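Here's a quick tour to read with the model open beside you. It goes from the contact between chains to domains, then down to a helix and a few strands.

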Amino acid sequence: MQEGSVQEAHVHAPPEGFLRKYVFSLDHKVIGKQYYALALVAVFTGMILSWLMRLHMVWPNAKIPLLEMLSKNGAPGGVMTPEYYLSLLTMHGTLMVFFVLTNAPFAAFGNYFLPIQIGAEDMAFPRFNMMSFWTTFAAWVVLMLAFFIPDGPPIAGWTEYTPLSAVGKDAGPGMAWGASLWGISIAIFCVASLLGALNFIATTLDLRARGMTLMRMPLCTWAWFVTSCIALLAFAVLFPACILLILDRHAGTSFFIPSGLVISDRVQPHAGGSPLLWQHLFWFFGHPEVYIAILPSMGIVSHILINSMRKPLLSAKVVIYSMMSIGFLSYMVWGHHMFVSGMNPMSSLAFSFPTLTITIPATILTLIWLGSLYGSNIQINSASLFALGFISMFVAGGVSGFFLAQPSIDIYLHATYFVVGHFHLVMGVASLFGVFAGTYFWFPKMTGRMMSETLGKLHFWITFIGAYCIFMPFHYLGLIGNVRRYQSFVDDFMAPYMGWHKFVTIAALITGAGQFIFLFNLIYSRFKGKPAPENPWNATSLEWSIPSPPPWNNFGGRHPVVYHDPYQYGVNGSKGDFVMQDSPEQVVPASGD
Amino acid sequence: MGKLLAIVLVLIAVLSAYPIVTHMFVLPEDISTHGHAIDDQLNDTMLEAGLSFIGAQIVLAIFVWGFSNRKAGSPLKNFPGGAKVAVIAAFVLVGSEVLALGVMGQQAWAQVYFTPPKPDALQIQAQAEQFAFYFRYPGPDGKFGAIHPDKIDEGNQNYFGLDPANEVEARDDIVSGELVVPVNREVQLLMHAKDVGHSFYVRELRIQQDFVPGLDLSVHFTATKIGKYEIVCTQLCGLGHYNMKAYLNVMSQENYEKWLKEQASQ
C-alpha cells in the first residue's frame, strides 16, 4: 500500500476578525458547522412542511392561521388549497434531499472530520471550501424565495418532471417564477456540490499524514471519499439538466418539450423535445443521490459501532469494497425509477438486474455489522443507540426495495405509498440516524462539551418508535393501491383506511415534536453541557488525539504520524483496551482473544 | 437499556408482520388475465423480504440482548467464520433470490410488455389532460380521425381536436369520458397526452402506464370481470392531480354493443 504524503506548509494563516472567524471562514471545521446549521434549519423547515401536509390530508378543512400569514393565496382563511399542498410537497422533498440529506451526513461531518481523521491541517483548497458553503447557502436562499413570491413555490414535486416544469405559467400556480427559482437554486447547488466533492477527493488523496495509507483511513473517511466520487459524477449531470430546463423555460428552447402540446387552451410554441430526456438526466443524478445520502451514514455508523462494541468489525476491507461496489452500481440503476415511464420495456429488465444485484453488497454490509456485534461488549449510549437503530431502519427500508426493483411488481406499486415508505426509511430515516449518531458521538469534539445522555436517549426512543409508526403503515397502504401525491382521498375505497392516515399524522406530530428535544439538547449542551475531555469515548482515530474543540490548525502545528489501522480495540494498550492510531506503542492482543 | 432495545426490536418485527400475516391489507381483486403473475410474484417477494426483515431484526435483538453492557473484562469473541461467512451468505442467499425473482419477474413483465396484442384486439384511444381522461372509439370504419392540436376546443367538447368537416375518418369517432370495454375481450389502449405527463392506473387491472407527451405508447389488457373500476392519474400533473379520475366500465358483449350504438346516435 502506498504511503500517504506529508503535508508541508500551513494551508492558511490563523483567522483574525469576526468575519474571517465565523462567517467567511476558511477553516474546514467552521465550514462543517455552517453546513450543519444550514441542514438543521432546512430539516426543521422540511419537517414542519410535512406536518402541514399530514394535517391537511386527514383534516382537509382544518384552519391553520399561521399558514395564511405565509401565503394568502395558498391558504385563504388558513385552509390549505390543493395546489398549495403540492407546493409544500415540492419544497419538503427539495429541502430534505438536497439541503439535509446531502448537507448533513456528507458536507457537514465530512468537512469537519475528514481532514482531521487523515491528519491534515485543513482541506486541500480552503477557499473553494468556503465558496462551496456560501454557494450552497445562496442556493438555499434562492429556493426559499419561492415561498415569498406571489405565485408561491412550484407544484411539480422534487423531481420537477417535464413538460409540467418546463412550460412556465400555463402549467399552473407556482410554475411561473416558482419553478424558475427551483431550477436556478438546484443549478447553484450542483456547482457547490461539485466544488465540495473535488475538494474532498483532492484532500483525501493528497493530504494524508505520514503512515496514513488508504487502508488505514477510518471507515467514515472512506465513505466520504466514495461519496465525493459519486457526487462528482452525479451533480455534473444534474447541472446541465437544470440549465437546459431553465433554457426551455426562458429562452424558448425545446429540450424537454415535444410539439403539439395544448396547455391552458394554448398550443405551446415548442417542438422536438423529449420529456423522457429529463427523466433520464434527473435519475442519472437522482439514484446516485440516494447513495450520497446513505453512504456517509454507513461509514459514520460503522465508525461509531466499532467504538461502542470495543472491537473491530469482522472485516473493514470488506466494508470498504462493499461501499465501492455500491457506489459503482449506483450508476447502473437509474432506470428503475422509470419502469412505467414508457421507455423500452427491454431496458426495464436491464435496469432491474443491477438494482437487485446492489442488494448483495448492501446485505454484506448488514451481515458484517450484525456478525460483528456477536461476542462484543456494546456500550449503550445515545450514539450507539442511533447506530443500532440505523441497522434496523436500513434493513426495514432495504427489503422493500426488493419489491420495487422488479418491474412487474412495480407496475402495481409504482407511485403508491409503498414507494414513499420505502425511500423515507432507507434514505431519509436511516441516513438521519447516521447523522444523529454522529452528532451525539462527535459533539464533544466539536464543542468541547458533552450532550445530555438522558435527553439523547429520550430522543432516540421517540424517533425510533415514531419512525416505524409513520413509515410502516405507508407500505401497507401502498399494497392496497393508495396513490401518493394526492392532497386528499375522495375515493370510496380509501374510506376504511383513513384511520391509518390519521394514525400516521399523529405519529408524525409526536415524532416531530421529539426532534425539538434534540434541538434543545444541542443548544443547551453547547453552553451548559459538561466539559468534554479530549477522548471521552476511548476512541482510536486521530480526531481524538487533539483537544476538544480542536485548535484552528487541528494538530497545533504538529505533524501526526500514523502507526496503526484505525480500529485497534480489544487490545492491551497503555491507556486501556485500545491503541490510538498515532501511538507508536506495539499492539498487544488482549489475553484470551 | 440494551435489553429494552432488544425487546422493542422483537416487538417491531412482530407488529410489522402482523397486518401482513392477518391479511389486513390485501390487494383488490385481480380482474385481468395477466395480473395473477404479478400477484404471485408479489407474494413470493413478500415471503422472502418478510423473512429477511424479521430474521435481521431478531438477530439484531439477540446480539444486542446478549452483548450490551457486559461486565468489564468479559472476553471478546469473534463470529465463527468471520467476514467470509457474511460474504458467502450474502452471495448465496441474496444471489439466489436475485436470480429467482429476476427470472420469474421477467415472465410477469413479459406478459404485459413483450406479448403483442392479438390482431383482433379492440383499439381504444385514451387521452389524458389536466385533469381528465377521455376515450375514443374508432366507430364503424375502424379508423381514428387525426388529432389537430389547434382544433382542440374543450368548450365545444372537441377534446381530441378532430376535424369531421374535412376528414371522413373523424366523423364516426365516438368520444366518452368513461372507458367502456367488453368483458373477456382484449383491449389495446393507445395512449396520448394532450398537455403534460399523466398516468393510467387501474388497481384491479394491475396496469399502470405513464402518458408521455410526444410518445405514442400503448398497453393491452383483458378484463375478466363485469363491473366499474376506478382509473386514477398517478403522475403528478398539476393542481387538480388528486382529482383526475375516470371509470373503467366492464360490460357484457351485448351491453357493450348497445352502449356503442347509443353513443353513436348522440
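Two residues count as in contact here if their C-beta atoms, placed from the backbone, lie within 7 Å. Keep in mind that this is a predicted model. With that cut-off, the cover over the buried residues of helix 9 of chain A includes helix 7 (219–250), helix 8, helix 10 and helix 11 of chain A, together with helix 3 (82–113) of chain B.

**Helix 9 of chain A**

- Which residues of helix 9 of chain A are buried? They are A316(A), V318(A), V319(A), I320(A), S322(A), M323(A), I326(A), G327(A) and L329(A).
- The length checks out too: helix 9 (residues 316–329) of chain A has 14 residues, which at 1.5 Å a residue should span 20 Å, and its end C-alpha atoms are indeed 20 Å apart.

**Where chain A meets chain B**

- Chain A puts 89 residues into the contact, and chain B puts in 84 residues.
- On the chain A side, the elements that each supply at least two residues include helix 4 (82–117), helix 8 (275–309), helix 12 (382–404) and helix 15 (453–479), and strand 1 (262–263) is on that list as well.
- Sorted by class, that side of chain A has 54 nonpolar, 28 polar and seven charged residues.

**Domains of chain A**

- The domain assignment splits chain A into domain 1 (24–257 + 267–273), domain 2 (335–525) and domain 3 (532–593).
- Take domain 1 and domain 3 of chain A: their C-alpha centres are 37 Å apart, and their contact draws 15 residues from domain 1 and 15 residues from domain 3.
- Helix 4 of chain A gives the most to the domain 1 side of that contact, with four residues.
- By class, the domain 1 side comes to seven nonpolar, three polar and five charged residues.

**Strands 1 to 3 of chain B**

- Strand 2 (residues 132–137) of chain B has five of its six residues buried, so the rest of the structure largely encloses it.
- Strand 1 (residues 122–129) of chain B runs antiparallel to strand 2 of chain B, paired over five bridges, and these two strands make a hairpin with two residues between them.
- Strand 2 of chain B also pairs with strand 3 (residues 174–176) of chain B, again in the antiparallel sense, over three bridges.
- R136(B) is a handy residue to click on: in strand 2 of chain B it stands opposite Q125(B), while its bridge partner in strand 3 of chain B is V175(B).

Terms used:
Residues numbered from 1 in each chain as written. Chains lettered and ligands numbered in written order. Predicted model: local features only at pLDDT ≥ 70, side-chain atom pairs only at ≥ 80, totals over all residues. Nonpolar A, V, L, I, M, F, W, Y, C, P; charged D, E, K, R; others polar. Domains from an automatic or database assignment. Expected span 1.5 Å × (residues − 1). Buried ≥ 20, exposed ≤ 12 C-beta atoms within 10 Å, placed from the backbone. Pairing = 2+ DSSP bridges.
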